[in-house]
Amino acid sequence: MQSNISHYSTFICGATATAIGIASENINDTLIVERTGLVANEFIDCYHIGSKNWNSVSHLGKNLKKELIQRNILSEAGMVHIPAVAPVLFKAIKNLGINTLFITEVIEVKKIEEVYEITLHNNSGFQKITADKIIDTTSTIHPKFKQYTYSKSINAMLHSIEENLFPFSNSEIIENENVCFEQGRFDKEIILKYSVSNDEDWIEARHKLHSYWQNRPAFLKKWSLATIASTFDIEREPSPLLQRQKKVLRY
């Protein structure tokens, strides 16, 4: 084996919140590779508010919660201002010294004897590394894991100049099984979640969301779609594999 090839015990695909939690357990011997310049896509990119009960089981999780509250990004009740979380997580990656490559593609993976040889490409060109194991934390639904997926939605943030409080108790919201609305850290930070089936792709999901919005109920006429998430919001049922990968960065 060439001595100039870096070796890691763990190679992680995706700079997700899960990946940061895993890497924090073995910082010097773990590498995270993310194809975009973003972080925690399973929460931030899909506009997922997360659990209101923060179950901090590590020093890292407790410190992250404390900082988000101090910065008024997270309320004591669990409401979070999603766009502001990313800079805090980038700072955590830097301060912890987690080995992370952003805007980097995985070109090839080969099993050579007892290790994986992984070819990467970014603005610096091609490079090879080796790793003992690979963990994929990306949220793309693989057929193998569909049995564990119990919720899939396309989310959007709403905005209104005229309305200050969102009518969460409206009967047309409560009775619509495909649509629900959640509030972020601030009163006018409203997230629309439109449920879709596991088999529907991104184009179909966006079409359904826009169709709903074009024909939305009268009480939503003063609200507009500010922005649509860039990936699906996926929640999974517990499974032995996912429980082993589950870490502390949940908000």
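## Helix α3, salt bridges and a surface patch

In helix α3, the buried residues are V85, A86, V88, L89, A92 and I93; buried here means under 20% relative accessible area, exposed over 50%, and partly exposed in between (1.4 Å probe, protein chains only). They cover an arc of only 165° around the axis, so they sit on the same side of α3, the arc being that of the directions from the helix axis to the C-beta atoms. Flip to the other side of α3 and you find P87, K94 and N95 exposed. An α-helix has 3.6 residues a turn, so residues three or four places apart point the same way.

A quick word on the ground rules. This is a predicted model, where local features need pLDDT of at least 70 and side-chain atom pairs pLDDT 80 or more, while totals for chains, interfaces and linings use all residues. Residues are numbered from 1 along each chain as its sequence is written, and side-chain values use heavy atoms, with hydrogens and water left out. Helices (H or I, at least four residues) and strands (E, at least two) are DSSP runs, numbered from the N terminus.

Now for the charges. The count is 8 salt bridges, each one a side-chain nitrogen of Lys or Arg within 4 Å of a carboxyl oxygen of Asp or Glu. Here are some of them:

| Salt bridge | N to O distance |
|---|---|
| K128 and E117 | 3.8 Å |
| E162 and K222 | 3.7 Å |
| E200 and K208 | 2.6 Å |

Salt bridges that share partners also join E67, R71 and K91 into one network.

Back to the table: in the E200 pair, E200 is buried at 12% relative accessible area, whereas K208 is partly exposed at 34%. E117 is buried too, at 14%, and its partner K128 is partly exposed at 36%. With E162 the picture changes: E162 is exposed at 57%, and K222 is partly exposed at 46%.

Over on the surface, V106, V109 and I134 make a nonpolar patch with about 190 Å² of accessible area together. Patches take residues with over 30% relative accessible area and no salt bridge, joining like charges within 9 Å and nonpolar side chains (Val, Leu, Ile, Met, Phe, Trp, Tyr) within 5 Å; the areas come from the Shrake-Rupley method with a 1.4 Å probe, and for residues only the protein chains shown count as cover. I134 belongs to strand β6 (residues 125–136) and is partly exposed at 32%.
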